[in-house]
Amino acid sequence: MIPVTTLKDKKVALFGLGGSGFATARALIAGGAEVTAWDDNPDSVAKASAEGIRTEDLHTIDWSQQALFVLSPGVPLTHPKPHWTVDLARAAGVDIVGDVELFVRERRAHAPDCPFIAITGTNGKSTTTALIAHILKSSGYDTQLGGNIGTAVLTLDPPKTGRYFVVECSSYQIDLAPTLNPSAGILLNLTPDHLDRHGTMQHYADVKERLVAGSDVAIVGIDDSHSALIADRVERAGVKVVRISRRNVVASGIYAEGTKLVQAAGGAVLPFADLDGIQTLRGSHNAQNAAAAVAACLAVGISADDIRAGLASFPGLKHRMQPVGKRGRVVFVNDSKATNADAAAPALSSYDRIYWIAGGLPKSGGITTLAPYFPRIAKAYLIGEAAAEFAATLGEAVPYEISGTLERAVAHAAADAERDEAAASAVMLSPACASFDQYKNFEVRGDAFVGHVAALDGMTMLIGPATGEK
């Protein structure tokens, strides 16, 4: 835990008692703050009270006595309208922050020199975050991984000299971190997302820009117009900018040429690494993720050799294009996190011959946008409520069967792939659907896939079936 000592003996109001909210309340109390917490969910309030956290309806407190208001990132700050607590805090002139802001204040107070890498973007954040942390850990560095990737940042070990922090930041977290100042800040890309909470694409982009604008080194993907303009603006403001691209040559930065990463600096262009053969970094989207990771690790002083070794040994992000087993020429890939068509596209674009397991609870639009990848699909195995709809979309373009269950789909796909005479093929769970018709969430679905794969005869498992980790 990181005790929030910068608010010792200060009164702090807190709203939102989910996972990160609880962690924040504990960290504030551990640091000596006088916390008053609340939530719209009575069960969350009761749980906090039972744990000894002081709770009180924030309608009734004296806001003029509060030094700070800490808001959970899931609670609306601006759109579609500010939460009622935001209105009360603003009326009293109380600053509103989130847990990431508390972390950066503690870092500044106790170990401002400890390397801090922050990652944001519409797509690829989690993979890039996990890859950077893996490179650092495998190079022998004391590494703390958290933020939006699933571990509340204030549950990490406290900042100290020589300790590296790798923190994934959502737009909501950035919006609540006005003094965010990473050693290296990454903005991967921007496409329309979360506009219900940001109002417009421009406001969404403006929020994301804050992360790199406050960085010592700003690493910006320039393959979309919003991000390219941000790179230019931040550079004009005096920040050192490293541009990355998966499609275009950059004059100074890291870019991809097929599977190769190229480093350009000072007029020199040098090959840095080749991702060919690294199963967990297949596809051009992962070339961008790897380019960002390389740039960030170089920015905080990691050697090129250590970075290359970390790239080569990256186990992948669980449930995201994760190779889980192999039998002969067939690799088995868990992409359960692909809960809509757009999310399934990267995996389908990364393999040439696919035995595709798809279906579940369908999302709006189905799989019509995946038609360009249909020639890569040897056969589809359809499960869950979406099976009939997906079958109609595939029509005569792709051979398919309605398998119904994931267990049956894995068995049939494995048998068909084994008979395939192609040099290499993939049995891939990339459902393009939510899981809720048959599974609690995509993690449970992915773990079930791993279990069914592990039960096949002659499998060489690349991960442990119980945990999904190498």
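## Close-up views of a predicted model

**View 1. Helix α3 and what covers it.** The cover over the buried residues of helix α3 includes β1, β3 and β4 (96–97); cover here rests on contact, meaning heavy atoms within 4.5 Å. This is a predicted model, in which local features need pLDDT of at least 70 and side-chain atom pairs count only at pLDDT 80 or more, while totals for chains, interfaces and linings use all residues. Residues are numbered from 1 along each chain as its sequence is written, and side-chain values use heavy atoms, with hydrogens and water left out. Helix α3 spans residues 84–91, and its buried residues are Thr-85, Val-86 and Ala-89. These residues lie on the same side of α3, because they cover an arc of only 100° around the axis; the arc is that of the directions from the helix axis to the C-beta atoms. An α-helix has 3.6 residues a turn, so residues three or four places apart point the same way. Just after α3, Gly-93 has a positive phi of about 70°. Buried means under 20% relative accessible area, exposed over 50%, and partly exposed in between (1.4 Å probe, protein chains only). Helices (H or I, at least four residues) and strands (E, at least two) are DSSP runs, numbered from the N terminus.

**View 2. The open sheet of four strands.** The strand order is β2-β1-β3-β4, with parallel pairing. β2 and β4 are at the edges with a single partner strand each, so one side of each has no neighbour in the sheet. Two strands pair if DSSP finds at least two bridges between them. Two bridges join β3 to β4, and Phe-69 has Ile-96 as its bridge partner in β4. Four bridges join β1 to β3 (residues 68–71), where Val-70 is the bridge partner of Leu-14.

**View 3. Strand β1, helix α1 and strand β2.** Four of the five residues of β1 (residues 11–15) are buried. β1 pairs with β2 (residues 34–38) in the parallel sense over five bridges, and Phe-15 has Trp-38 as its bridge partner in β2. Between these strands the chain passes through helix α1 (residues 19–30), making a right-handed β-α-β crossover. Right-handed means that, with the strands pointing away from the viewer, the path from the first strand over the helix to the second runs clockwise. Helix α1 lies across β1, β2 and β3 and runs at about 170° to β1. Axes are lines fitted to C-alpha atoms, for helices over the stretch in contact, and angles run from 0 to 180 degrees between N-to-C directions.

**View 4. The open sheet of nine strands.** The order is β6-β7-β5-β8-β9-β10-β11-β12-β13, with mixed pairing. β6 (142–147) and β13 (268–274) are the edge strands, each with a single partner strand, so one side of each is left without a neighbour in the sheet. From one strand to the next, the twist averages 20°. β12 (residues 260–265) pairs with β13 in the antiparallel sense over six bridges, and Val-262 stands opposite Pro-271 in β13.

**View 5. Asn-123 and Gly-124 in the loop between β5 and α5.** Asn-123 lies in the loop between β5 (116–120) and α5 (125–138), as does Gly-124. Both are covered by the "binding site" annotation of the unreviewed UniProt entry; UniProt positions are given in the numbering used here, feature names are shortened, and annotations may be inferred rather than shown by experiment. Asn-123 counts as partly exposed, at 44% relative accessibility. Gly-124, at 24%, also counts as partly exposed. Leaving aside neighbours within four places in sequence, Asn-123 is in contact with Leu-188, Asn-189 and Thr-191, and Gly-124 with Leu-188 and Asn-289.
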